[in-house]
Every structure is written in C-alpha cells, then in structure tokens.
Amino acid sequence: MQALTNRSKVVSNKQMTFAEKMYLPAILGGISITIRHLFKKKATVSYPEVKREFSQVYRGQHVLKRDDKGAERCTACGLCAVSCPAEAITMTSAERKKGEENLYREEKYASTYEINMLRCIFCGLCEEACPKEAIFLTDRMVPTDFTRNEFVYGKDKLVEKTDDRVDVTKRQTKAVLDFKKIKQLSHNR
Ligand code: SF4
Ligand code: SF4
C-alpha cells in the first residue's frame with residue numbers, strides 16, 4: 001500500500017531482548033543523561049540564598065512616593081485605576097484638612113489605596129498614567145504568602161517610609177530626569 005507521507009515509519013514487531021524487557025538500555029540512557037548534566041552549568045539557583053541579577057527595567061512591587069518634604073504625592077485622581085487592565089487598583093479619596101499640609105501634598109488624597117498583587121500583571125501602565133509621579137514600580141519582588149488576603153497591599157505596604165525612601169531615579173531615562181529639572185514644572189518634583 002502506498003504511504004500517505006514520506007515521514008511514515010514501519011512499525012517493528014521484533015521481539016524484545018531480555019535486557020530490553022528489563023528496561024536496562026532505557027535506564028542506562030537516563031543515567032548517562034543525568035551524569036552529563038552534573039558537569040554542565042546549572043540552570044537553577046538556590047533561591048532565596050542566591051538571587052539572580054534582575055534587568056534594570058524589571059517591574060516589581062509598587063511604591064507610592066512622597067515628595068521632597070515627605071508629603072504623599074497621590075491625589076486620588078483615579079487615573080491609575082482606570083488605566084489598569086487587570087482592575088487591580090482601588091482607592092477612596094478624602095479632603096485634606098487644615099494642618100495636614102505636611103502629610104498630603106494636594107487638597108485631595110487617597111485615604112485608602114489598595115493593589116491586589118494577585119491580579120496585577122506588572123505592566124507599568126499605572127506608572128505611565130499617573131500625573132503626579134506618585135506611583136512607581138520598583139525592582140523589589142512581591143514576597144510569597146499563604147493566604148490570598150495577604151496579597152491585597154494597602155497604604156501600609158505601598159507608601160514609602162519617611163526614613164526609608166525608595167530611589168526610583170535609576171529606573172528613569174536621562175530624558176525624564178532632564179525634564180524634571182525644568183523649573184516651571186517644579187510642582188511635579
Ligand atoms: S502594573 Fe499594570 S496591572 Fe499592575 S496595578 Fe499597575 S496598571 Fe494594574
Ligand atoms: S497614584 Fe497617581 S494616578 Fe493613581 S490616584 Fe494617585 S495621583 Fe492619581
């Protein structure tokens with residue numbers, strides 16, 4: 001009978017030898033592959049003791065930035081939430097009271113701000129959308145956990161600490177850093 005393709009193979013019905021019946025050639029073949037890999041460069045690292053070097057543009061855990069004086073930059077405009085394709089961001093806004101100028105830079109601020117890290121796809125669109133340079137993705141990894149609720153990050157985890165600022169300048173291009181030096185745009189510093 002004519003074969004349908006030139007890749008067809010004739011099935012061999014030859015009797016297996018005793019060694020083949022005992023899987024010896026297959027076992028030896030497997031062992032030789034394992035031994036060969038012992039002398040090759042490892043593809044894995046012993047995380048968390050050993051950490052891989054990340055790309056300079058790695059997008060990890062977000063930070064909500066403060067301005068030079070330590071006031072929260074976010075004005076709860078909602079643009080980050082609207083631009084988020086994963087609908088991972090939620091917030092509620094509140095009006096700044098007299099005497100809170102050192103806490104919040106704008107008259108409106110986010111009284112709650114949450115990002116669901118299980119929904120987030122770390123695309124960076126929230127960072128692009130923010131008109132106040134309030135939210136940035138950083139090179140920090142979101143740590144693992146056991147319950148889903150722990151992955152809903154509130155302001156306690158997102159807003160940078162006054163005594164432990166997160167430097168994001170290394171992740172910005174020279175063009176952006178030069179743009180920020182323009183005095184007329186100092187409201188955005
Ligand atoms: S990085 Fe992308 S998916 Fe994650 S919160 Fe920002 S916009 Fe949403
Ligand atoms: S982080 Fe930026 S875009 Fe999002 S609500 Fe705050 S000011 Fe608006």
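## Asking for the evidence

Student: What makes Ile89 count as buried?

Tutor: Ile89 has 21 other C-beta atoms within 10 Å. The cut-off for "buried" is 20 or more, so Ile89 qualifies. Bear in mind that this is a predicted model, and the neighbour count is computed from its atoms.

Student: Where is Ile89, and which residues is it in contact with, leaving aside neighbours within four places in sequence?

Tutor: Ile89 sits in strand β2. With those neighbours left out, its contacts are Cys80, Ala81, Cys84, Ile115 and Cys126. A contact here needs C-beta atoms within 7 Å. As for Met141, it is 52 residues from Ile89 in sequence, and the C-alpha atoms are 18 Å apart.

Student: Which residues touch the most other members of the largest nonpolar core?

Tutor: That core has 20 residues, and Leu64, Cys74, Cys80, Ile89, Cys126 and Ile135 touch the most other members. Two or more residues come from each of β1 (62–64), β3 and β4 (135–137). The largest share belongs to β3, with 4 residues. Nonpolar side chains tend to be buried together in soluble globular proteins.

Student: What is Ile135 in contact with, apart from its neighbours within four places in sequence?

Tutor: His62, Leu64, Cys80, Cys126, Glu127 and Cys130 are in contact with Ile135. Ile135 also turns up in the surroundings of ligand 2.

Student: How do you know which strands pair with β3?

Tutor: Pairing asks for at least two bridges between the strands. Strand β2 (residues 89–95) and strand β3 (residues 108–116) have 7 bridges, in the antiparallel sense. Two examples: Ala94 stands opposite Tyr109, and Thr90 stands opposite Glu114. On the other pairing, β3 and strand β5 (residues 152–153) share 2 bridges, again antiparallel, and one of the partnerships is Asn116 with Val152. Each of those pairings therefore meets the cut-off.

Student: What makes β2 and β5 edge strands?

Tutor: Look at the order in the open sheet of 3 strands: β2-β3-β5, paired antiparallel. β2 and β5 each have a single partner strand, so each has one side without a neighbour in the sheet.

Student: Why is α2 said to lie largely in the open?

Tutor: Of its 15 residues, the number buried is 0, so the helix lies largely in the open. None of them reaches the 20 or more C-beta neighbours that "buried" calls for.

Student: And how does the length of α2 compare with what is expected at 1.5 Å a residue?

Tutor: Helix α2 (residues 24–38) reaches 21 Å from its first C-alpha to its last, close to the expected 21 Å.

Student: What makes Tyr23 exposed and Phe122 partly exposed?

Tutor: Tyr23 has 12 C-beta neighbours inside 10 Å, and the limit for "exposed" is 12 or fewer, so Tyr23 falls on the exposed side. Phe122 has 16, which puts Phe122 between the limits of 12 and 20, hence "partly exposed".

Student: What is the phi of each, and where do they lie?

Tutor: Tyr23 has a positive phi of about 60° without being a glycine, and it lies in the loop between α1 (18–21) and α2. Phe122 has a positive phi too, near 55°, and isn't a glycine either. Its place is the loop between β3 and α4 (125–129).

Student: Which peptide bond is cis, going by omega?

Tutor: The bond from Tyr47 to Pro48 is, with omega near 5°. Pro48 lies in the loop between α2 and β1.

Student: How is Asn13 classed, buried or exposed?

Tutor: Exposed: Asn13 has 5 other C-beta atoms within 10 Å, and 12 or fewer is what the class requires. Asn13 belongs to the segment before α1. Between Asn13 and Lys183 there are 84 Å, C-alpha to C-alpha, at a sequence separation of 170 residues.

Student: What surrounds ligand 1 and ligand 2, by class?

Tutor: Around ligand 1 there are 12 nonpolar residues, 2 polar and no charged ones. Cys84, Cys120, Cys123, Leu125 and Cys126 come nearest, out of 14. For ligand 2 the split is 9 nonpolar, 2 polar and 1 charged. Its surroundings include Cys74, Cys77, Cys80, Cys130 and Lys132. Lys counts as charged, so Lys132 is the charged one.

Methods: Residues are numbered from 1 along each chain as its sequence is written. Chains are lettered from A and ligands numbered from 1 in the order in which they are written. This is a predicted model: local features need pLDDT of at least 70, side-chain atom pairs count only at pLDDT 80 or more; totals for chains, interfaces and linings use all residues. The expected span of a helix is 1.5 Å times one less than its number of residues. A residue is near a molecule or strand if its C-beta atom, placed from the backbone, lies within 6 Å of it. A nonpolar core is a set of buried Ala, Val, Leu, Ile, Met, Phe, Trp, Tyr and Cys residues joined through C-beta atoms within 7 Å. Two residues are in contact if their C-beta atoms, placed from the backbone, lie within 7 Å.
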